[in-house]
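The following exercises concern a predicted model. Each one sets a task and then works through its solution step by step.

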Amino acid sequence: MPAADPAFPTTAVPDEVAPAAPGVAAAAPTPATSGTAAWLRLLRSEMRLMLSRRRNQAGLGVLAAIPVVMAIAVKIANPSDQHQGESFLSSIIGNGYFVALAALVVEIGLFLPLAVAMLSGDALAGEAQIGTLRGLLVVPVARARLLVTKYVALVLGSFLGVLVVAVAGLVAGGVLFGLHPVATLSGTTLALPVALWRLLLVVLYVTAFLAALSALGLFVSTLTEQPLGATVAVAIISTTMWILDTIPQLAWLHPWLLVDKQVALADMLRDPVYWPSMRLGLLTDLAYVVVFLLAAWARFADKDVSG
Amino acid sequence: MTPALATAGLTKRFGSQTAVDGIDLEVPSGAVYGFLGPNGSGKTTTIRMALGLVRPTAGTVTLLGRPMPGDLREVLPRVGALVEGPAFHPYLSGRANLARLDAADRYADPRTARRRIDGALDRVGLLHAATKRYRAYSLGMRQRLGIAAALLVPREMLVLDEPTNGLDPQGTREVRQLIASLGTEGVTIVVSSHLLSEVEQVCTHLGVMRTGRLVAQGRADELRASRQTSVRLATPDVTAAAAVMERLGLTGVTSAGESVTAVLGDVASEHLVATLVGAGVAVRELVVNRARLEDLFIELTGEGFDAGR
């Protein structure tokens, strides 16, 4: 076995090895960098882990493919088949801008929640299953710090997913139909830069929904050591909420569903922006974030890590 | 001297099953402590409790003079650990896996990360495979990467759970040499194994677990001395042989059929043979049973290696 690099002392110098006198604990090591810098380093590592995973790269590819497929489908369809109506899809033929919006509306129901479900399955259940969770905890990473880092990474990953859909939609729509000033649902016209700004707000609104779903996902991820189980559970919960939300007889339940106010993102295309539904949507998101992050902490803080 | 690791009445119950049953472990500072016991005897659960991964049902853990898991954030940066075999992300390289653990350490200096990571890889002989994906590592390489993870920063103590599990004899010897060299540098090391022979030579202290209980603990040489060297002689002249042995001062002389057994004590075996022959005793066969820790281990753990569940 090669000898140790002399410049790299693997062990503490003997002075430090001497045990502390009873009752007087040896000084804890001092951080080399500030707490924030150290936390950002962990977050960067977390993001790199998430993005270097082939499956996640493929997932991003699928998210980006949907708007491209939609744009091509509309382009090659017979123009006489185009339905006139209020939907974004029908507006695509006149303005590529609407590819991005139509794709977000389509993907918010299944593809984006599924992406969140996969990432949250990996977050804790995945690390528990392959055993890397115990490695992190004995480094040590404080459990609260790990939970917060995992959550922030999920939110950033969600944002990236939504952004990829919007950008792919703009690119595909721009190439096939061109980007023009946008006619709002209120009948006015928005200059393209203003419309792009509105699109960014839509992206953030959808991200807020996924952030709430991520909190739920992180909680589920603390319950099991089976990442696939956590993923399936989150996908089922999300899909069930979308289904329940379409049943009029359950109107009393709708305000409690996370998904109820999500299609309100179309209100961003009114002039001026119509906020009440989206405000309610954001409050629902926030309630889900608070409840499920607390539940995740309650579960994870004392959990025996024996996997 | 404050022990590096001490437990008092440490107990863990999973449902109705008691995995660890009130053990009082004491690992002196600077020791290389062999933590032995058959699979399923509670070693790993004890280690998990010592490192704050699992909460004890009862009892206390004091690690480097501080209570665990209360002072976990102050204590664990001074302890390197490999718990229940290596665990890494299969699609990351060995180096990237270590970089991830280093990034998680709020006390580690990011400016020296590359040098420390490669230093740790070098120390376990994995530098040549640094860019290879963990998935492609052999079991021995995986174990060594696990040890490298414990060596990323200078440590006062190392806890290595089954570091030789699955290694070939060459790999086992390398890990043993690494433990020995770290031990001479003053690092306190707890090394667990279900195979005594793999760690016996490097340990200054031993603790033996059996079905959740600590059945022996102490300095390795003292434990070894507690078992005496015996001798078994095959001869047709049983009575004469027993008389010679008693005259030489051997104890516990017992004869059965055509063999005599006795505890050798301080008597040299060649002196015994010469005296027997000189006294006209026909020596057909003489077997000396040296005090082997292995036998003590089997005695202590009862049924043998993989029993005890």
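**Exercise 1.** Classify Leu280(A) as buried, partly exposed or exposed, and identify the surface feature to which Leu280(A) contributes.

*Solution.* Begin with the relative accessible area of Leu280(A), which is 45%. Buried requires under 20% and exposed requires over 50%. Leu280(A) is therefore partly exposed. Next, locate the residue: Leu280(A) belongs to helix H11 of chain A, residues 276-300. Finally, consider the surface: Leu280(A), Leu283(A), Leu286(A), Val290(A) and Leu294(A) make up a nonpolar patch, whose accessible area totals about 480 Å². As background, an α-helix has 3.6 residues a turn, so residues three or four places apart point the same way.

**Exercise 2.** Test whether the end-to-end distance of helix H2 of chain A agrees with its number of residues, then state what its buried residues pack against.

*Solution.* Helix H2 of chain A covers residues 35-52, which is 18 residues. The expected span is 1.5 Å times one less than the number of residues, so the helix should span 26 Å. The end C-alpha atoms are 26 Å apart, which agrees with the expectation. The buried residues of H2(A) are Ala38(A), Arg41(A), Leu42(A), Leu43(A), Ser45(A), Glu46(A), Met47(A), Leu49(A) and Met50(A). Within chain A, the buried residues of H2(A) pack against helix H3 (54-76), helix H6 (111-130) and helix H8 (143-177). In chain B, their partners are helix H3 (94-104) and helix H4 (113-123).

**Exercise 3.** Determine how many aromatic pairs the structure holds, and assign the geometry of two of the pairs in chain B.

*Solution.* Over all chains there are seven aromatic pairs. For Tyr33(B) and Phe35(B), the ring centres are 6.2 Å apart and the planes meet at 50°, so this pair is tilted. The relative accessible area of Tyr33(B) is 1%, so this residue is buried; Phe35(B) is likewise buried, at 1%. For Tyr134(B) and Tyr137(B), the centres are 5.9 Å apart and the planes lie at 50°, so this pair is also tilted. Both Tyr134(B) and Tyr137(B) are buried. In chain A, ring pairs connect Phe219(A), Tyr288(A) and Phe292(A) into a cluster.

**Exercise 4.** Describe the surroundings of Ser93(B).

*Solution.* Ser93(B) sits in the loop that joins strand S7 (79-82) to H3 of chain B. With a relative accessible area of 15%, Ser93(B) is buried. Apart from neighbours within four places in sequence, its contacts are Ala130(B), Thr131(B), Lys132(B), Arg133(B) and Tyr134(B). Of these, Lys132(B) is 39 residues away along the chain, yet its C-alpha atom is 5.0 Å from that of Ser93(B).

**Exercise 5.** Summarise each chain by its elements, burial, contacts and surface.

*Solution.* Treat the chains in turn.

- Chain A has eleven helices and two strands, in the order α-α-α-α-α-α-α-α-β-β-α-α-α from the N terminus. Of its 307 residues, 48% are buried. Among its contacts at a separation of at least 6, 77% join residues at least 24 apart. Its accessible surface is about 13800 Å², with 71% from carbon and sulfur atoms.
- Chain B has eleven helices and 15 strands. Of its 309 residues, 57% are buried. Among its contacts with a separation of 6 or more, 67% involve residues 24 or more positions apart. Its exposed surface is about 12500 Å², with 49% supplied by carbon and sulfur atoms. The C-alpha trace of chain B spans about 80 × 45 × 35 Å along its principal axes.

Definitions and conventions: Residues numbered from 1 in each chain as written. Chains lettered and ligands numbered in written order. Predicted model: local features only at pLDDT ≥ 70, side-chain atom pairs only at ≥ 80, totals over all residues. Heavy atoms only, no water. Helix = DSSP H or I, 4+ residues; strand = E, 2+ residues; numbered from the N terminus. Buried < 20%, exposed > 50% of the residue type's maximum accessible area, 1.4 Å probe, protein only. Contact = heavy atoms within 4.5 Å. Patch = residues over 30% accessible without salt bridge, like charges linked within 9 Å, V, L, I, M, F, W, Y side chains within 5 Å. Areas by Shrake-Rupley, 256 points an atom, 1.4 Å probe, with all protein chains shown as cover. Salt bridge = Lys/Arg side-chain N within 4 Å of Asp/Glu carboxyl O. Phe/Tyr/Trp six-rings, centres within 6.5 Å; stacked < 30°, edge-to-face > 60°.
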